[in-house]
Amino acid sequence: MGVFEFIAADGAGNLPYARHQMALTLGWHIIFACFGIAFPAIVVFTEWLGHRRDDAALTGLAHTWAKAMGVLFAAGAVSGTLLSFEMGILWPGLMDRFGEVFGFPFVLEGFAFFIEAIIVGVYLFGWNRLSPRAHMLSALPMVLAGIAGAFFVVSANAWMNNPTGSRLNADGEVVDARPWAAMFGPSTWPQFTHMWLAAFMVTGFLIASVYAVGMMRGRRDRHHRMGLLIPLTVAAIITPVQSGVGDWIANTVADNQPAKLAAMEGQYKTTNKSSHLASLR
């Protein structure tokens with residue numbers, strides 16, 4: 001029996017392997033995705049600060065980061081492509097049954113990705129070929145496309161956590177599919193905000209760690225000091241804000257799926273919402 005025949009014949013038995021493969025791909029893709037969301041904004045801000053202060057160290061730092069951004073974006077594109085195939089190959093039942101409900105954001109994310117890819121090329125090859133103002137303005141679509149792509153993917157994930165935008169008939173078939181309603185479900189905005197802030201935290205702390213190691217090895221020039229200060233400041237400011245967003249998500253779950261919140265917190269006795277939330281605090 002061939003490999004594909006075996007998979008088709010024993011789909012249920014292969015569910016753990018599908019989960020493991022998806023988890024492995026997501027585990028390393030999310031790091032590159034964070035850089036794709038937050039790194040462009042940090043790079044452009046550093047370039048703007050360098051031009052404003054006429055600081056060659058800052059503009060040089062932004063140029064170095066831009067090159068790293070291009071490499072990380074390419075790596076993220078590869079892992080994201082794998083996930084696109086895995087959604088259809090590893091989870092055909094889910095996509096066949098509910099694809100018309102939550103597949104729309106994946107289409108929009110494709111447009112956002114290609115826009116960001118094009119502008120990343122313009123930004124990288126436009127360095128020293130465009131005026132500083134034109135070069136920084138060319139990066140704005142790149143920043144916005146990264147944010148939009150994150151929103152579309154997270155909206156699909158939010159739908160999986162809190163399905164809306166459709167109903168099932170007596171036979172269990174999807175009817176009255178409303179992709180827009182599914183994309184803007186109650187969990188979308190808190191989860192997107194959480195992902196957006198998390199991207200800046202991950203990117204900021206990881207970049208800062210590189211320059212922290214350099215400074216520990218005696219590299220105390222302005223390039224390394226600013227390479228540590230800028231991303232570390234961004235990540236440190238966002239960290240406490242993220243705690244508030246976590247509370248927002250918990251309240252969203254409590255409002256829409258109280259049984260899920262009780263299961264997440266190991267609350268096995270039935271109680272009302274207010275007393276349950278009070279017990280969490």
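The rings in this predicted model give a count of 20 aromatic pairs. The exercises start there and move on to helix packing.

**Exercise 1. A pair between two helices**

Task: Classify the ring pair of Phe 39 and Trp 65: what is the angle of its planes, and which class follows?

Solution.
- Step 1. The ring centres of Phe 39 and Trp 65 are 6.2 Å apart. Pairing asks for centres within 6.5 Å.
- Step 2. The planes stand at 55 degrees, so the pair is tilted. Planes over 60 degrees apart would count as edge-to-face.
- Step 3. Place the residues. Phe 39 sits in helix H2 (residues 15-53) and Trp 65 in helix H3, so the pair links parts 26 residues apart in sequence.
- Step 4. Check burial. Phe 39 is buried, and Trp 65 is buried too.

**Exercise 2. A pair within a cluster**

Task: Are Phe 184 and Trp 189 buried, partly exposed or exposed, and to which aromatic cluster do they belong?

Solution.
- Step 1. Phe 184 and Trp 189 make a tilted aromatic pair, with 6.4 Å between centres and 40 degrees between planes.
- Step 2. Phe 184 has a relative accessibility of 39%, so Phe 184 is partly exposed.
- Step 3. Trp 189 has a relative accessible area of 43% and is likewise partly exposed. The partly exposed class lies between 20% and 50%.
- Step 4. Both residues belong to one aromatic cluster, together with Phe 104, Phe 151, Phe 152, Trp 180 and Phe 192.

**Exercise 3. H3 against H5**

Task: How do helix H3 and helix H5 cross, and which residues meet?

Solution.
- Step 1. The axes of H3 (residues 56-90) and H5 (residues 104-125) come within 11 Å and cross at roughly 160 degrees.
- Step 2. H3 is therefore roughly antiparallel to H5. The cut-off is an angle over 145 degrees.
- Step 3. The crossing of H3 past H5 is left-handed.
- Step 4. From H3, the contact residues are Ala 66, Lys 67, Met 69, Gly 70, Phe 73, Ala 77 and Met 87. From H5, they are Phe 106, Phe 113, Glu 116, Ala 117, Val 120, Tyr 123 and Leu 124.
- Step 5. Sort this contact by type: eleven nonpolar, one polar and two charged residues.

**Exercise 4. H8 against H9**

Task: What are the angle and axis distance of helix H8 and helix H9?

Solution.
- Step 1. H8 (residues 188-216) packs on H9 (residues 222-256) at about 155 degrees, with the axes 7 Å apart.
- Step 2. That angle makes H8 roughly antiparallel to H9.
- Step 3. H8 passes H9 in a left-handed crossing.
- Step 4. The residues in this contact are 23 nonpolar, eleven polar and one charged.

Methods. Residues numbered from 1 in each chain as written. Predicted model: local features only at pLDDT ≥ 70, side-chain atom pairs only at ≥ 80, totals over all residues. Heavy atoms only, no water. Axes fitted to C-alpha atoms, helices over the stretch in contact; angles between N-to-C directions. Helix = DSSP H or I, 4+ residues; strand = E, 2+ residues; numbered from the N terminus. Parallel < 35°, antiparallel > 145°, perpendicular 65-115°, else oblique. Left-handed = near helix turned anticlockwise from the far one by under 90°. Contact = heavy atoms within 4.5 Å. Nonpolar A, V, L, I, M, F, W, Y, C, P; charged D, E, K, R; others polar. Phe/Tyr/Trp six-rings, centres within 6.5 Å; stacked < 30°, edge-to-face > 60°. Buried < 20%, exposed > 50% of the residue type's maximum accessible area, 1.4 Å probe, protein only.
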